[in-house]
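Please work through the exercises below with the sequence and the model side by side. Each task is followed by a solution that goes step by step.

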Amino acid sequence: MKSSSKVRLQIEGMSCAACVRRVENALNALAGVDQATVNFATGQATVDYAPEQVTDDQLRRQVEDLGYRVVELTSADPDRKAQVQIGIGAMTCAACVRRVENVLRAVPGVADAAVNLATARATVWHQPGQLDLKLIEQAVTDAGYEFRGRIDPRLAIDLDLLRSREQRDLLRRVLVGAVLSVLTMIGSMPHWFPFIARVPDRIMLPVLAILTTPAVFWVGSRFFSGALKATRHQTSDMNTLVALGAGSAYFYSLAITLLPSFFAASGAPPHVYFDGAAMIVTLVLLGRYLESRARGKTSQAIRRLMDLKPKTARVRRGDLDLDINVDEVLIGDRVIVRPGERIPTDGVVVSGTTSVDESMLTGESVPVFKEAAGKVFAGTINGTGAIQFEATRVGAETALAQIIRLVEEAQGSKAPIQRLADKVASVFVPIVLGIALITFLVWALAVPGGNFSRALINFVSVLIIACPCAMGLATPTAVMVGTGLGAESGILIKNGASLETAHRIDTVIFDKTGTLTEGRPRLTDLIPAEGWDEARLLSTVAAIESASEHPLAQAIVSAAAERGCTLSPVTDFEAVAGQGAKATVDGQPVLVGNLELMTREGVQVEHLAGAYQALATAGKTCICAAVGGRAVGLLGLTDQPRAGAREAVAELRGLGLELWMITGDKCQTAEAIGAQVGIERVLAEVLPEHKAEAVRSAQRQGRCVAMVGDGINDAPALAAADLGIAIGTGTDIAMEASDITLVRNDLRLVGAAIRLSALTLRVIRQNLFWAFFYNSVGIPVAAGVLYPWFGILLNPMVAAAAMALSSVSVVSNALRLKRLWAHSVARRAGP
């Protein structure tokens, strides 16, 4: 069976949708790559591949051969071995490399090791939480080499720093370009500035050429290098358009400057466009700078999640308390957390009590009390108590790391609607080049009164206004903002396709137990017989049930504790399989169980038959109690609807959705729960393996189905549904069968997810409209179609401004989703 891995490449140098297409095509062309998708907004490529056919280095080289730079390559596969890099000194040859690799592979917990002599580094793959760097150090030094410590890749490659550096470089070039553009514009407009008119052209034109040269070739160097890359790979992109447009204006103007007599003889007015060339480059680069800033804002959700993880942990090893890097914590380590500190990894409390703020994980603002055996999670904030806990999940296995991974995958994925934009962009540039060439020929040869100069202006204008930046940004920016908002609201969306599917849902199927209900029974009814009261009945039954571990027994004991009942000692306890239990309480024989047990023991229950039937009709589990051979009362228990379930159902019905409930429980119980929450279509006594068939049955009726379940028994149904929604506590969020995970046990988030999807898709459609609007309207105007009727022609500078505006408007509209969502949430919350 072929194995599969997934990696994520952070790529520098992509500038448009055509770059995305080029990188995707190159990666997908490699044998062994199953699928490669590139997200322009994040600058990331996610690659699913077979490691036995293609290596990480081959993926890196394939991208870098295109002229881009891979600044980081990380595993995106949660099942892949964890890895750590260490520095090693005193290696001199290939034999040293082999020796160190063999030594490292012999260390307990190490799965594999690779040593690079040139960089003096070793990469060690290991099982998460099972690598002790002290053993690594000892092994390396015992072999006669120098151990230089762990190398943190986050210190070597800071993506935020790279983005900041890129933005500073862009801003510097934009400012220089703006100054030079203004100077060339002043020099090109003597009729506006009389003092310029006194300077002869033989002096002014060379000065303008000198000013324009750095503005075009330094400020706009990325456009020309990008166009060269595209040409080498026999393709074209937006860099091609800008380079052709600005280059044509520059070299035409330079030719007029150097050979004025030639152009005067041809009858074409010797007008230069140095100002147009400089302004085109500057305005397009300004658009790039604004895009870069906006894209940085869309990834804030991931950065905020990463900031929750503490950098160090205090671990007790032997008699020593050590402050170590959090990535060096091992499974089984005893971790010490002082008041007010963030918890560094997931674990189970072994000593101490405290309250922990888990709002970052669950959204609940009330701190959760923790004592021995209580679970704690990385990134949550310890309250006023000091605790020690045993680490159970570390590194990429923690709940916080899995949340970050899900958000990254969602923000790096493509919605199906984006595929359309990518395909359009792939054929768009060649079409534009064709239109620009036709425009040039028509204006130069066919238009009465036309000339070379006017033809060149229109040629450049068409190229500039058609740049497809906005198309490439239309979908990914909105998906990033939408998934980020979802994560902040407790809705973890696995990918862009899930976000797009959610708004098309017309039928929602709920699992009952643990989804619509709390998943555990609660005591709801106490019906004592004549001569008994509720307190006496409950304390007697709870006394015998305290010796049992059955969920119903535990529910009764909990109810007795809540009401302050005193439990008498129990002797001669005996569990009766499938029926109940019997024991001696206060010297009297007591029976607790179902009707079968009472009948078997000869207990008469006719005087309680009416109450028993009423409880059964209400879908409740009924327990009989008998003391000394006489029935003394009934207890009713039920798995109660989850808080907010009825409100969630009402909201979904208000959205026009059809609601079903599916359960393996009995019809009476299922219908009772359905009535309480407001669901009329109830499918009861359905086995887990048949739930998926129920989903497919609904789909065969033409329905778009969302399945809401707890992600365990419901996994087949979640996978079969058009949209699987898993509800959980946020600790087991890697529910591979689901498309959306609700961090909080709040069913109202189902409606919120659908509303967020609808808002995001609305913004994506608006973005695509504006992207195509600018191009479809701008290109004909730039080509001069309106000139015969209205005398309207488009200056290249105006075209450049319009192109930049289209990109900025698309990104700004995506960021507007934050305001739309905040308004939607506030409106739902009410006054």
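**Exercise 1. In which loop is T663 found, is T663 buried or exposed, and which residues does T663 touch?**

Solution. The model is a predicted one, and the first step is to place the residue in it: T663 is found in the loop that runs between β26 (658-662) and α26 (667-677). The second step is to compare its relative accessible area, which is 2%, with the cut-off for buried residues, which is under 20%; T663 is therefore buried. The third step is to list the contacts, leaving aside residues up to four places away in sequence: T663 touches K512, T513, A670, L683, A684, E685 and V686.

**Exercise 2. Where is E685 found, what is its phi, and is E685 buried or exposed?**

Solution. E685, one of the residues that T663 touches, is found in the loop between β27 (681-683) and α27 (688-700). Its phi is near 55 degrees, which is a positive value in a residue other than glycine. With a relative accessible area of 51%, E685 is exposed. A373 can be treated in the same steps: A373 lies in the loop between β14 (368-370) and β15, has a positive phi of about 80 degrees although it is not a glycine, and is exposed, with a relative accessible area of 60%.

**Exercise 3. Which residues of helix α25 are buried, and why do they lie on the same side of α25?**

Solution. Begin with the buried residues of helix α25 (residues 645-654), which are A645, A648, V649, E651 and L652. These residues cover an arc of only 160 degrees around the axis, and therefore they are on the same side of α25. The general background is that an α-helix has 3.6 residues a turn, so residues three or four places apart point the same way. As a last step, follow the chain beyond the helix, where α25 is followed by G656, whose phi is positive, near 85 degrees.

**Exercise 4. What is the order of the strands in the open sheet that contains β20 and β21, and which helices lie across strands of it?**

Solution. The sheet has 6 strands in the order β20-β25-β24-β23-β22-β21, and the pairing is antiparallel. β20 (522-528) and β21 (570-576) stand at the edges, and because each has a single partner strand, one side of each is left without a neighbour in the sheet. Neighbouring strands of this sheet are turned by 20 degrees against each other on average, when direction is ignored. For the detail at one edge, note that 5 bridges join β21 to strand β22 (residues 580-585), with the two running antiparallel, and that V570 stands opposite V585 in β22.

The helices come next. Helix α21 (residues 534-545) lies across β20, β21, β22, β23 (588-593), β24 (621-627) and β25 (630-638), and runs at about 125 degrees to β20. Helix α24 (residues 609-617) lies across β20, β24 and β25, and runs at about 10 degrees to β25.

**Exercise 5. How many residues has the largest nonpolar core, and which have the most contacts inside it?**

Solution. The largest nonpolar core has 50 residues, and those with the most contacts inside it are F510, L516 and L747. Helix α29 (residues 748-783) gives the most to this core, with 10 residues. A second, separate core has 41 residues, among them F223, V284, A436 and V460. To see the surroundings of F510, leave out residues up to four places away in sequence; F510 then touches T515, L516, L652, L659, W660, M661, I662, I679, V708 and L747. L652, in that list of contacts, is also one of the buried residues of α25.

**Exercise 6. Which strands are at the edges of the open sheet that contains β9 and β11?**

Solution. The sheet has 6 strands in the order β10-β9-β11-β17-β12-β15, with antiparallel pairing. Its edge strands are β10 (320-325) and β15 (375-376), each of which pairs on one side only. Within the sheet, 3 bridges join strand β9 (residues 312-317) to strand β11 (residues 334-337), and these run antiparallel; R314 stands opposite I336 in β11.

Definitions and conventions:
Residues are numbered from 1 along each chain as its sequence is written. This is a predicted model: local features need pLDDT of at least 70, side-chain atom pairs count only at pLDDT 80 or more; totals for chains, interfaces and linings use all residues. Side-chain values use heavy atoms; hydrogens and water are left out. Buried means under 20% relative accessible area, exposed over 50%, partly exposed in between (1.4 Å probe, protein chains only). Helices (H or I, at least four residues) and strands (E, at least two) are DSSP runs, numbered from the N terminus. The arc is that of the directions from the helix axis to the C-beta atoms. Contact means heavy atoms within 4.5 Å. Two strands pair if DSSP finds at least two bridges between them. Axes are lines fitted to C-alpha atoms, for helices over the stretch in contact, and angles run from 0 to 180 degrees between N-to-C directions. A nonpolar core is a set of buried Ala, Val, Leu, Ile, Met, Phe, Trp, Tyr and Cys residues joined through side-chain atoms within 4.5 Å.
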